[in-house]
Amino acid sequence: MATPSSHSHPFPPAVNRSLSPAPNLKLVRVSPISASKSDPPASNKNTEEETSTSSLIVSERRREKRGLINAEELKQREARERREEVNRKIASRKAISVILRSEAAKAFIEKKRGPNNSKRLLPRTVLEALHERITALRWESALKVFELLQEQLWYRPNPAMYMKLIVMLGKCKQPEKAHELFQAMIDEGCVMNHEAYTALLSAYSRSGLFDKAFFLLEEMKDTPNCHPDVQTYSILIKSCLHVFAFYKVQVLLSDMASQGIRPNTVTYNTLIDAYGKAKMFKEMEMTIVEMLREKDCEPDVWTMNSTIRAFGSSGQIETMEKCYEKFQSAGIQPNIKTFNILLDSYGKTGNYEKMSAVMEYMQKYHYSWTIVTYNVVIDAFGRAGDLKQMEYLFRLMRSERIKPSCVTLCSLR
């Protein structure tokens, strides 16, 4: 039985990469300045006078040169000291920012929340703490910092800050909190637009509150300057596809058409990926054909990955390879996710020779392995019963400081 360590002809086809020739470096020779010939001396006395005069001139020039050198050294020393001072200030600022981003910042801010200091915090201190918590999706801590932000003397309502918080709450499945912030935006006099409505709609749809999401969509249609756009519909379509509510998707697509809104590449890719995961190959192919008919909507690498994943995961290797070749002939270049899909599809169907060819191609063109790549290849060696290769790959992954996941550990058991 073939194993992933064996290999044959390379697949996929190699991409031609022309190497630019190295620039020709030429040595520039600097010719010495020719000394002018001196006239022959008229007499010994004149020679002595000229010699003494020239010695005085030389000594004066040396003193001037020393003065210039000392001045130049002084300037260089001052410039070096200025650079060191600037570097020390930058290092100090970085150290302060690191401290503020740590958990100590939270304790520091809470300590400052007294009757005298609660309204006089530095803007940078509070804003960095808030940004760090939004990025980490720590919604409870973020809301506390936001309350502190609102207490500051320099605070002014900022719609962009509100929308970031609403999006964060949507990702954390806190739609009611998101609605409270949305209402606070209105109460503080922020100018409402379709982006604010879309953020709240996303929070509802992520939590499966489709009734409220569709109601908000209708409200957007009747609100001036807040009409839904293709992004609004794409977000709602994606949430419906997560729960396999395909009938609601068709309603949304029809609604888009009635509003004169055309799907974009993100909308089509979302549909193709969902149809592929649900093994609805007919609907997936129809969506691809419809996408190709659009003038301003071209397939990209996400389209290719969703398509080959759908066929590869179902064992349709020949169809997967044909789709890969068609996408590549259309000028779409694969990425690391593409190769992970190919490796996984070949490994699960026992096509170890083609799997080895893909790994050779990745090595030839310097594609760095990710944790997904290691998991796929380790699982393939496990299916082939090659325990030594599994152990070798695991050690290699650890040497590259890639932390094993639960999938890695399950494959090694």
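This passage describes the fold, nonpolar core, largest pocket and several individual residues of a predicted model.

The protein is helical throughout its assigned secondary structure, with 19 helices and zero strands. Of its 413 residues, 37% count as buried. The surface that the protein exposes comes to about 26,600 Å², and carbon and sulfur atoms supply 54% of that area. Contacts across the sequence are well represented: among those between residues at least 6 apart, 62% join residues at least 24 apart.

We may turn next to the interior. In soluble globular proteins, nonpolar side chains tend to be buried together. Here the largest nonpolar core has 95 residues, and the members that touch the most others are L130, F146 and L165. The surroundings of L130 bring these three together, since both F146 and L165 are among the residues that L130 touches. A142, V145, L149 and M161 complete the list of its contacts, once residues up to four places away in sequence are set aside.

The search for empty space comes next. Rolling a probe the size of a water molecule over the atoms shows where such space is left. The largest pocket found in the model has a volume of about 520 Å³. Its lining consists of 19 residues, and those nearest the centre of the pocket are K238, N269, T270, D273 and K277. Three helices each supply at least two lining residues: α9 (230–242), α11 (265–277) and α13 (301–313). In terms of residue class, the lining is made up of eight polar, six nonpolar and five charged residues.

Helix α9, one of the contributors to this lining, also holds L241. With a relative accessible area of 7%, L241 falls under the 20% limit and is therefore buried. Its C-alpha atom lies 6.3 Å from that of A274, although the two residues are 33 apart in sequence. A274 is also in contact with L241, as are F246, V249, T270 and L271, leaving aside neighbours within four places in sequence. T270 thus appears twice in this account, as a contact of L241 and as one of the residues nearest the centre of the largest pocket.

Two loop residues deserve a look for their backbone angles. N225, in the loop between α8 (210–221) and α9, has a phi near 65°, a positive value in a residue other than glycine. H366, in the loop between α16 (352–364) and α17 (371–384), likewise has a positive phi, near 60°, and is not a glycine. The relative accessibility of N225 is 67%, which is over 50%, so this residue counts as exposed. H366 is exposed too, with a relative accessible area of 67%.

Helix α17, which follows the loop of H366, contains N375. At 10% relative accessibility, N375 counts as buried because the value is under 20%. Beyond residues up to four places away in sequence, N375 touches S405, V407 and T408.

A last example comes from helix α6 (residues 175–187), where E176 is found. E176 is partly exposed, its relative accessible area being 43%. Between the C-alpha atoms of E176 and L200 the separation is 9.6 Å, for a pair 24 residues apart along the chain.

Methods:
Residues are numbered from 1 along each chain as its sequence is written. This is a predicted model: local features need pLDDT of at least 70, side-chain atom pairs count only at pLDDT 80 or more; totals for chains, interfaces and linings use all residues. Side-chain values use heavy atoms; hydrogens and water are left out. On a 1 Å grid over the protein atoms alone, a cavity is a set of points where a 1.4 Å probe fits but cannot get out, and a pocket is an open set with protein on both sides within 12 Å along at least five of seven lines; lining residues have an atom within 4 Å of a point. Grid points are joined across faces, edges and corners, and a volume is the space filled by probe spheres set on the points. Helices (H or I, at least four residues) and strands (E, at least two) are DSSP runs, numbered from the N terminus. Ala, Val, Leu, Ile, Met, Phe, Trp, Tyr, Cys and Pro count as nonpolar, Asp, Glu, Lys and Arg as charged, and the others, Gly among them, as polar. Buried means under 20% relative accessible area, exposed over 50%, partly exposed in between (1.4 Å probe, protein chains only). Contact means heavy atoms within 4.5 Å. Accessible areas come from the Shrake-Rupley method with a 1.4 Å probe; for residues, only the protein chains shown count as cover. A nonpolar core is a set of buried Ala, Val, Leu, Ile, Met, Phe, Trp, Tyr and Cys residues joined through side-chain atoms within 4.5 Å.
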